[in-house]
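This report describes selected features of one structure, for a reader who has the sequence and the coordinates at hand.

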Amino acid sequence: MVRVDGNGGSQSLIRVRGLNKTYSRGGEKIQVLQGLNLDVDKGDFVAFMGPSGSGKTTLLNLLGGLDVPSAGSITVAGDEITHMSGSKLTQWRARHVGFIFQMYNLIPVLTAYQNVELPLLLTKLSGSERRKHVETALAVVGLADRMHHYPRQLSGGQEQRVTIARAIVSDPTFLLCDEPTGDLDRKSADEIMALIEELVAKYGKTVLMVTHDPVVAARAHTTLHLEKGVLVEGKASSRQSVLAGGAA
Amino acid sequence: MKFRRLIFANLFRKKIRLILTVGSFAIALVLFTFLAVVKSAFNRGIDIAGADRLIVIDRVGLMNLMPISYADKIAAIPGVKAVTHDHWFGGVYQDEKNFFPQFVIDVENHRKVYPEFKVPDDQWNNFVKDRQGAIAGARLAERFHWKVGDRIPIKTTLYGGAVWEFNLDGIYHTDKPDGDMGQFWLQWKYFDENVPSVIKSTAGWYILKLDSPDDAVRVAKAIDEKFANSSHETKTETESAFAASFAKQFGNIEFLILTIGSVVFFTLLLVTGNTMAISVRERISELGVLKAIGFTDRSVLFLVLSESLVIAFFGGVLGLLLAWAAIPGISAALTGLLPPLLLSKPMLLLGLVFALFVGGASGLLPGIGAMRMRVVSALRRV
């Protein structure tokens with residue numbers, strides 16, 4: 001269940017309380033997020049929508065430990081990440097977060113296999129164990145036969161599949177997707193969304209996704225809108241419900 | 001090493017740039033090594049000088065000759081174990097370019113003062129008995145393909161341009177690693193009989209061996225005092241000080257080498273530093289992704305530094321190989337102008353350390369920049 005009223009229980013996988021983010025630009029303070037609350041359970045698939053500059057990516061960066069909030073707290077699987085030091089946060093990201101970016105962000109000089117292997121280089125797994133994990137991840141995304149191709153030899157959809165394989169290879173606690181289909185044609189976008197849905201349905205992954213595309217957002221269990229720095233109810237699918245603004 | 005593939009893949013991303021940077025390193029290392037061997041060649045006399053040997057020359061200068069009678073007077077000073085004398089013969093073999101040091105030696109005492117020069121006894125005895133005899137250093141003999149028994153004509157440039165002929169009676173070796181095996185020795189008695197009268201009964205300089213190196217200052221003072229106010233006042237100094245002042249005749253080699261070396265160092269630092277800075281700037285978003293997926297700041301610094309060090313290592317090794325191949329040829333071409341140029345193992349090691357130091361230093365700033373880069377800012381650069 002996804003809640004934005006701040007009344008979620010401590011069993012939530014992701015718990016956000018009173019989240020604020022303020023930027024200074026040219027001496028002017030811009031408040032992007034204002035006292036934002038969010039509870040996400042394991043296995044939820046949440047889409048964040050909102051106009052440009054509404055703070056979607058900022059929220060995603062904060063949830064992924066890539067940025068630090070001005071105030072408030074974020075707790076993931078019992079770990080409060082808002083006060084972690086830089087190096088501890090990096091280790092936390094490696095263990096808990098899988099990132100899927102709009103522009104894929106693959107290393108162009110590495111093959112699909114080597115790109116997917118990157119997060120595992122930070123673990124103590126042996127070479128053969130790493131190989132097993134990478135081959136499994138590439139098989140899940142349907143690219144077992146392209147593992148030795150370089151990004152330039154793959155289509156946009158295939159590159160995004162490699163990114164997804166890289167995100168899931170270390171079996172993170174949740175996946176953060178920033179416009180995962182933003183650079184793809186409709187057919188490829190459908191395939192990528194089907195894959196993300198499969199990760200949620202079949203493997204129980206928790207997915208938080210930012211998108212501009214209502215068609216893509218409709219594939220999520222829950223859609224939340226960011227307006228003026230706070231989350232408001234969007235759509236609730238048949239399987240999940242959104243409890244917003246004290247409507248518990 | 002788990003990151004090996006990532007490091008090498010990044011290096012080969014721009015092959016032309018990699019080749020040019022490695023090439024810069026290699027050329028700089030050739031130059032660095034050449035400077036090091038030239039410096040070493042000039043300092044060799046200083047490095048191998050005996051601590052228990054003093055050199056006595058005329059106070060006016062090396063070209064002023066001293067009476068041969070000084071030998072006995074010097075030998076009488078307490079603390080002096082043995083005395084011998086040398087003359088500079090100053091000849092060339094066959095051609096002007098075939099120049100090498102020829103010393104007119106005192107056969108009776110030479111071996112007592114220079115025990116490091118080894119000549120087989122039978123060869124030495126033949127040399128002593130042969131008025132026109134000569135001994136050549138092993139390297140010199142090898143250079144001109146001489147063997148014992150050869151007749152060697154030497155045209156002197158100091159004594160009227162006459163050609164003197166010598167019989168090669170022996171070849172000497174030295175047990176010191178950088179020992180000088182390029183000298184040619186002839187007998188003082190034969191020399192004395194054939195030089196103009198003004199040169200007769202003289203010595204170019206005296207070399208004396210001390211009972212103990214601790215006596216050096218006292219004995220030097222005693223010798224110079226003994227000949228004070230004579231027609232040939234003396235200047236006595238340790239062999240290393242003499243070698244150093246001899247090397248200085250060629251100019252301030254040390255300063256010249258240091259200056260050129262510094263220019264090489266900073267140029268290389270700027271070239272490699274710039275390459276690494278561009279390389280990091282080109283892939284800021286990739287480094288941001290690495291950080292996002294869990295690479296720590298230190299890992300990112302390590303990656304950048306490793307790339308820089310790998311360039312330095314391969315450039316360094318290539319440069320040292322080139323130097324190793326080229327220096328014997330350069331040395332042969334400069335024979336007569338410079339002492340033999342020898343590339344030793346410590347010098348190769350020093351060259352590699354130099355290369356790695358420059359590699360590390362040039363990768364440091366871009367590496368720290370990459371390390372401090374904020375992930376969010378880096379990802380925004382997509």
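The following sections treat a pair of helices, the contact between two chains, and one helix of that contact.

## A pair of crossing helices

The model is a predicted one. In chain B, the axes of helix H10 (residues 253-282) and helix H13 (residues 345-372) come within 8 Å and cross at roughly 30°. This crossing of H10(B) and H13(B) is right-handed.

On the side of H10(B), the contact residues include Phe265(B), Leu268(B), Gly273(B) and Met276(B). H13(B) contributes, among others, Val358(B), Gly359(B), Leu365(B) and Pro366(B). By character, the residues of this contact comprise eleven nonpolar, six polar and no charged.

## The contact between the chains

Chain B places 20 residues in contact with 20 residues of chain A. Three helices of chain B, namely H1 (4-11), H11 (284-292) and H14 (375-380), each supply at least two residues of the side that touches chain A. H11(B) provides the largest share, five residues. On this side of chain B there are ten nonpolar, four polar and six charged residues.

## Helix H11 of chain B

H11(B) is mostly covered, with seven of its nine residues buried. The buried residues are Glu286(B), Leu287(B), Gly288(B), Val289(B), Leu290(B), Lys291(B) and Ala292(B).

Both chains take part in covering these buried residues. Chain A brings helix H2 (86-96) and strand E7 (97-100), while the cover from chain B includes helix H12 (297-333), H13 and H14. After H11(B) comes Gly294(B), with a positive phi near 125°.

Methods
Residues are numbered from 1 along each chain as its sequence is written. Chains are lettered from A and ligands numbered from 1 in the order in which they are written. This is a predicted model: local features need pLDDT of at least 70, side-chain atom pairs count only at pLDDT 80 or more; totals for chains, interfaces and linings use all residues. Axes are lines fitted to C-alpha atoms, for helices over the stretch in contact, and angles run from 0 to 180 degrees between N-to-C directions. Helices (H or I, at least four residues) and strands (E, at least two) are DSSP runs, numbered from the N terminus. A crossing is left-handed if the near helix is turned anticlockwise from the far one by less than a right angle, and right-handed if clockwise. Two residues are in contact if their C-beta atoms, placed from the backbone, lie within 7 Å. Ala, Val, Leu, Ile, Met, Phe, Trp, Tyr, Cys and Pro count as nonpolar, Asp, Glu, Lys and Arg as charged, and the others, Gly among them, as polar. A residue is buried if 20 or more other C-beta atoms lie within 10 Å of its own, exposed if 12 or fewer, and partly exposed in between; C-beta atoms are placed from the backbone.
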